[in-house]
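Here is a walk through one protein model, strand by strand and then side chain by side chain. Keep the viewer open as you read.

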Amino acid sequence: MRSHFLLGAALLLALPLAAQPGGPLSLTGFTDDIVANGPGPATASTTADMDGGRTPNSFCFVAADYVSPTGATPTSSLPLGGRFTSVEAPFPVFQLADYAAPNSLRILGAGNGTLTLAAPVPATELWLLATSGNGASTFDALVTFTDQTTQLFPNLQADDWFNASGYAIQGVSRVNRDTDNLQSSASNPRLYQISLSIAPANRAKPIQSLTFTKTISLGTLNILALSASPAPMGLSADLAPQPVRVSPNPATDRLAVQLPTPGTQLVELLDGLGRRVRSASTDAAGVATFELTALPPGVYVARADNGRGVRVMKQ
C-alpha cells in the first residue's frame, strides 16, 4: 500500500501542529483490576469491584473472553485489546491497561491516587477516560510537569456508569462479582471523556503525572486511561524564517527533506506526541531521505538537530 504526504510549504518559527485527535499515553499507578476475563468466577480474575457495591450487588466490567462458571459469555464487552476511538468529539484514541493486571485507578469514598506517564510529553489538551459507580464522583485533578510546577483542575465530575451523556464508549456490559450473573447491554455501562485544557504557559512543559483527589464519599471513581493532544512544536527563537524544500509533493513511500544549509546534519521525524519514529543524516547537499511505508497516518514533524522543523501530515 502506498503512503501519501501533504507537506507544509515553509519553515516557520514556533510552527504549530494542526489540531488533531489525541493519542493514548502509557501510564503507571493503576491500583485495581476491575475487568473479569477468561473462564471462571469473576473474583478469580479481578481484585475489586468497579462500583463499590455491597454484597451481593457489586459489579465488574467484562472482557470479550470472559466465561462464567455456568458457561455464559457476554454479548458485548470492553474492546478487544483495550484500544478504541472515542465517539465523543474530538474523537481521541484511548488504550485501556491489560485486562489481566491492575487497570483502574480506583478511589472508593474519599481518597487520592496518582498516575505517572511512562514517557513525559508536553500537550495542549488531555482527555481522561473515567467513570463512577453508585453515583457520580466529584474530584480534583492536579497535573505535575517535569519542572515540578503544577496546574489544578478542580471540581471535575465522572458520571455514574449508567445513562449519562458525554461518553467515549457505551454498552460494554458487566458481571455481578458476587454471583457471576452477566448483564449484557448495547447501551450500558458507559465510560466518559473528560477534557483538561493545558494553560498556554504550560504547553511546552512535559507532563510527568496526574494526581486525583476525591473529597466526597459519594460514588466510586475509576480513572482508566489518558489521551493527549501534542503541544505545538516550537523552534529556535533566534532563527529567522528560512525556506525548506520537500520532495516529491505529494510523496509516496519516501520523503526527501532538504535543509537550507548544506553539510551533514541529523534530521528526526517525530510523531504527534514528540516521539522519534525515524532519523536520518543529510548528505553533503543537506538532503535527508525517509522511508515512510510502515508509518501510520497522522501529523509528524521533521526536525533538524539545530531546532528547525517542518510540519508533515501523512494520510
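How many bridges join S9 to S17? There are 7, and the two strands run antiparallel. Before going on, a word on ground rules: this is a predicted model, where local features need pLDDT of at least 70 and side-chain atom pairs count only at pLDDT 80 or more, while totals for chains, interfaces and linings use all residues. Residues are numbered from 1 along each chain as its sequence is written, and side-chain values use heavy atoms, with hydrogens and water left out.

**Strand pairing**

Strands here are DSSP runs (E, at least two residues), numbered from the N terminus, and two of them pair if DSSP finds at least two bridges between them. Within the S9 and S17 pairing, Asn112 has Thr213 of S17 as its bridge partner. S9 also takes 2 bridges from strand S3 (residues 27-28), again antiparallel, with Leu27 opposite Leu117. The table collects the antiparallel pairings, each with one facing pair of residues.

| Strands | Bridges | Facing residues |
|---|---|---|
| S3 and S9 | 2 bridges | Leu27 and Leu117 |
| S9 and S17 | 7 bridges | Asn112 and Thr213 |
| S11 and S12 | 7 bridges | Phe139 and Leu156 |
| S11 and S17 | 6 bridges | Phe145 and Ile207 |

S11 and S12 form a hairpin with 4 residues between the strands, and there Gln148 takes a positive phi near 75°.

**The cores**

Some of those facing residues come back in the largest nonpolar core, a set of buried Ala, Val, Leu, Ile, Met, Phe, Trp, Tyr and Cys residues joined through side-chain atoms within 4.5 Å. Of its 30 residues, Leu126, Phe139, Ile207, Leu210 and Phe212 touch the most other members. Strands supplying at least two residues each include S9 (111-121), S10 (123-133), S11 (137-145) and S17. Apart from it lies another core of 20 residues, among them Ile34, Val35, Phe94 and Val172.

**A buried Asn and an exposed Leu**

Is Asn222, in strand S18, buried or exposed? Its relative accessible area is 0%, so Asn222 is buried (buried is under 20%, exposed over 50%, partly exposed in between, with a 1.4 Å probe and protein chains only). Its side chain makes a polar contact with the side chain of Ser104 at 2.7 Å; such a contact is a pair of N or O atoms within 3.5 Å, where within protein one must be able to donate a hydrogen and the other to accept it, and residues adjacent in sequence count only if both atoms are side-chain atoms. A polar atom of the Asn222 side chain also lies 3.0 Å from the backbone oxygen of Met50.

Leu218 sits in the loop between strand S17 (207-214) and strand S18 (220-230). With 51% relative accessibility, Leu218 counts as exposed. Beyond its neighbours within four places in sequence, Leu218 is in contact (heavy atoms within 4.5 Å) with Asn134, Ala136 and Ser137. The C-alpha atoms of Leu218 and Ala136 are 7.1 Å apart, though 82 residues separate the two in sequence.

**Charges over rings**

A charge sits over a ring if NZ of Lys or CZ of Arg is within 6 Å of the ring centre and within 35 degrees of the ring normal. Arg174 does this over Phe59, at 3.6 Å from the ring centre. Lys205 has its charged end over the ring of Phe145, 5.5 Å from the centre.
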